[in-house]
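I opened my notebook to look up a few things in this structure. Come along and check each entry against the picture.

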Amino acid sequence: MDTDTLVSYTVDRHIARLTLDSPHNRNALSARLVDQLRAGLRAADTDPAVRVVVLSHTGGTFCAGADLSEAAGGDPFETTADRARELASVLRGIVESPLPVVAAIDGHVRAGGLGLVGACDIVVAGPASTFALTEARIGVAPAIISLTLLPKLSARAAARYYLTGETFTAATAAEIGLVTVAAEDVEAAVAGITADLGRGSPQGLAASKALTTAHILAGFDRDAERLAVDSARLFVSDEAREGMSAFLQKRQPSWLQ
């Protein structure tokens, strides 16, 4: 196995598959993984043979969110803001791709990983899937990922799961708009969806997708920079430092002691 490859890229007929393949840290959104995901999206977008992108994963976790173990160099605020901008860039890349992007999930999704789910056009989640927005529990907030989540979730669901951090199932995710299909057999469901998508013309797919994403892209234009700064401000705060230290040390944060 190539340990430098955190996102594998393969093409089979008209389908490009991007597979998050960093199981050692539960496919956390490290700088390298984000860079490779962005590169894979560009490769798919520029390949005339590709009509559909499938985003999948290895291991029991689709994506655990931010990689809290990565040490920040330089100015912590600016470094964190830049990381938020990079995440916004890859989320935008999924949304503005002319290709339909289908997520194939059968594992846990946490925090920033839900931003990837929200960015995809169609999401299939299997019985092993669980979801949770745990940011508030460590002193931060789902800032950047709100760009793709809030347009998909009902307002009541967003308030509940943003604030409680509780875990919910694929069936609940489908009920609240995060997931398209809760399926027993993820690959069979994805195969059916990609077959249907493959019947569309490139122009027809691109134009039809653009109708569904215009309001999301407007939100990126309006709010992405502000949310990146807000995210950095929270991450460098004393309270967030305590929350992240407690998480990494597997102990209760000071506000629960």
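Below are my entries, going from the whole chain down to single rings.

**Entry 1: the whole chain**

I noted first that this is a predicted model. I looked up the secondary structure and found nine helices and 10 strands in the chain. Next I looked up the box that the C-alpha atoms fill, and along the principal axes it is roughly 55 × 40 × 35 Å.

What radius of gyration would a compact globule of 257 residues have, and what does the chain have? The globule would be near 18 Å, and the chain has 18 Å, so the two agree. I also looked up burial: 48% of the 257 residues are buried. For contacts between residues at least 6 apart in sequence, I found that 72% join residues at least 24 apart.

**Entry 2: helix α1**

I turned to helix α1, which covers residues 31–45. With 15 residues at 1.5 Å a residue, α1 should span 21 Å. I checked the C-alpha atoms at its ends, and they are 21 Å apart, which agrees.

Which residues of α1 are buried? My list reads L33, V34, L37, R38, G40, L41 and A44. These residues cover an arc of only 160° around the axis, which means they sit on the same side of α1. I added a reminder to myself: an α-helix has 3.6 residues a turn, so residues three or four places apart point the same way.

Then I looked up what covers the buried residues of α1. The cover includes the strands β1 (7–12), β2 (15–20) and β3 (52–57). It also includes the helices α2 (76–96) and α3 (113–119).

**Entry 3: the hairpin of β1 and β2**

Two of those covering strands deserved a page of their own. Do β1 and β2 run parallel or antiparallel? They run antiparallel, and six bridges join them. I picked out one bridge: V7 has L20 in β2 as its partner. The two strands form a hairpin with two residues between them. In the turn I found R13, with a positive phi of about 55°.

**Entry 4: an open sheet**

I looked up a sheet next. A short reminder came first: strands of a sheet pair through backbone hydrogen bonds, either parallel or antiparallel. This sheet is open, has four strands in the order β4-β6-β8-β9, and its pairing is mixed. Its edge strands are β4 (61–63) and β9, each of which pairs on one side only.

Inside the sheet, I followed β6 (residues 108–110) to β8: three bridges join them, and they run parallel. R110 stands opposite A132 in β8.

**Entry 5: aromatic rings**

How many aromatic pairs does the structure hold? I found two. F131 and F168 form a stacked pair, with 5.6 Å from centre to centre and 20° between the planes. F131 lies in strand β8 (residues 130–132) and F168 in strand β9 (residues 168–169), so the pair ties together parts that are 37 residues apart in sequence.

The other pair is Y161 and F168. Their ring centres are 4.3 Å apart and their planes are at 40°, so this pair is tilted.

Are these rings buried or exposed? F131 counts as buried because its relative accessibility is 0%. F168 is buried too, with a relative accessible area of 4%, and Y161 is also buried. My last note is that F131, Y161 and F168 form one aromatic cluster.

Methods
Residues are numbered from 1 along each chain as its sequence is written. This is a predicted model: local features need pLDDT of at least 70, side-chain atom pairs count only at pLDDT 80 or more; totals for chains, interfaces and linings use all residues. Side-chain values use heavy atoms; hydrogens and water are left out. The expected span of a helix is 1.5 Å times one less than its number of residues. Buried means under 20% relative accessible area, exposed over 50%, partly exposed in between (1.4 Å probe, protein chains only). The arc is that of the directions from the helix axis to the C-beta atoms. Contact means heavy atoms within 4.5 Å. Rings of Phe, Tyr and Trp (its six-membered ring) pair if their centres lie within 6.5 Å; planes under 30 degrees apart count as stacked, over 60 as edge-to-face and the rest as tilted. Two strands pair if DSSP finds at least two bridges between them. The radius of gyration is taken over C-alpha atoms; the globule rule is 2.2 Å times the number of residues to the power 0.38.
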